[in-house]
Amino acid sequence: MKSSSRSVHEERRWSAELPTTQSDLCMSLTVWRKSLVMSCNGFTVINSDGNVVYRVETYIGQRPKELVLMDGVGKSILTMRRNKNLRFLDTWFIYGGEIGAHCISTKRSEEQPVFYVKKCINILHNNPNVLAYVYRGRSTDEKYVYMIEGSYSHRSCKVVNEAKKVVAEIKRKDAIIGGVSFGVEVFMLIVEAGFDPGLAMALVLLLDQMFS
C-alpha cells in the first residue's frame, strides 16, 4: 500500500481525479488526530491493513501558516499555505510536493498552487451546510471544482464535485472499545474510486484549521 500510494502521487500529482486503473476501489482510511512525534501536534492516517499512509506534524502551540502532508515514510506529498492577504480569512493554497526556500532543489512551476481552498462565510451564503469551496490554481474567478458540505465538528462532511457526486466523505468512527468511545479524535475518511486520497486528506487538514 505504501509503495502504491507513493507511485500514484509521483505520476499524477497535479490531478485530483485518478485513472480508474490506478484507483478502482473505494478507500477507507482511519484518521487519528494525533502525531506520532511527542513534541508535535498533527495527524496519523492508517489504511485498512494497519499501515501508516499519511502523517502531519506541527509544533505544539503554533497556529501554522504552512502544513505539509507526508506519506508513511516522511516524503512530502502536498504543501498547504495560508493566504497572506488578510482580506481573505481562512483561505489556503495547495501546492504539489514540498515548496519554499528551504527546498532549493525543487522547482514547482515557480511555486504555482494546484488548488485554492476558501472557507464559506455562512451569513453571506444561502446554504448554511456549505463549509468551503475548492478552486483550481489560485483564482476564484472560475466556478469551483469541489464543494465541501456538512459539519466538521461532528465529523460528518462530504466533498462533492461539480456534478454533485460525492468523491470523499468524513464519518465518525462509532465503535466503542473497552467502554471508551473514539469521539472526534479518531474518525473515518472514505475516498471514492478515482479521487486522489492525498487531496482528500489535505482537505481534512484545512477543515481542521478552519473549524477547530
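Me: Which elements each supply at least two residues of the lining of the largest pocket?
Reply: The model is predicted, with local features needing pLDDT of at least 70 and side-chain atom pairs pLDDT 80 or more, while totals for chains, interfaces and linings use all residues. Residues are numbered from 1 along each chain, and side-chain values use heavy atoms, without hydrogens and water. On a 1 Å grid, a pocket is an open set of points with protein on both sides within 12 Å along at least five of seven lines, and its lining residues have an atom within 4 Å of a point. The elements that meet the question, as DSSP runs of at least four residues for helices and at least two for strands, are β2 (40-46), β3 (52-59) and α2.

Me: How many residues line the largest pocket, and which element gives the most?
Reply: About 370 Å³ of space lies in this pocket, and Arg-33, Asn-41, Gly-42, Thr-58 and Asp-208 lie nearest its centre. The lining holds 20 residues, and the element that gives the most, with four residues, is β2.

Me: In what order do the 12 strands close into a barrel?
Reply: Two strands pair if DSSP finds at least two bridges between them, and in this barrel the pairing is antiparallel. At one junction, β1 (residues 27-32) and β14 pair over six bridges, while five bridges join β11 (residues 166-172) to β14 (residues 186-191). The order is β1-β2-β3-β4-β5-β6-β7-β8-β9-β10-β11-β14.

Me: Which residue in β14 stands opposite Ala-168?
Reply: Strand β14 has bridge partners on β1 and on β11, since its Val-186 is paired with Trp-32 and its Phe-187 with Arg-172. The residue opposite Ala-168 is Val-191.

Me: How many of the six residues of β14 are buried?
Reply: In a regular strand the side chains alternate between the two faces of the sheet. In β14, Val-186, Met-188 and Ile-190 lie on one side and Phe-187, Leu-189 and Val-191 on the other, and both faces are covered. With buried taken as under 20% relative accessible area (1.4 Å probe), the count is six.

Me: Which helix gives the most to the largest nonpolar core?
Reply: A nonpolar core joins buried nonpolar residues through side-chain atoms within 4.5 Å, and the largest one here has 43 residues, with Met-80, Ile-94, Tyr-146, Ile-148, Tyr-152, Leu-189 and Met-201 making the most contacts inside it. The helix, contributing 10 residues that belong to the stretch 197-211, is α2.

Me: Is Val-159 buried or exposed?
Reply: Val-159 is found in strand β10 (residues 156-161), and its C-alpha is 4.5 Å from that of Ile-148, although the two are 11 residues apart in sequence. Beyond its neighbours within four places in sequence, Val-159 is in contact (heavy atoms within 4.5 Å) with Tyr-146, Met-147, Ile-148, Lys-165, Val-166, Val-167, Ala-168 and Leu-203. With a relative accessible area of 8%, Val-159 is buried.

Me: Which element supplies the largest share of the lining of the largest cavity?
Reply: A cavity is a set of grid points where a 1.4 Å probe fits but cannot get out, and the search finds four of 30 Å³ or more, with about 50 Å³ of space in the largest. The residues that line the largest cavity include Ile-148, Val-159, Ala-168, Leu-189 and Leu-203. The elements that give two or more residues to this lining are β11 and α2, and the largest share, four residues, comes from α2.

Technical notes: Buried means under 20% relative accessible area, exposed over 50%, partly exposed in between (1.4 Å probe, protein chains only). Grid points are joined across faces, edges and corners, and a volume is the space filled by probe spheres set on the points.
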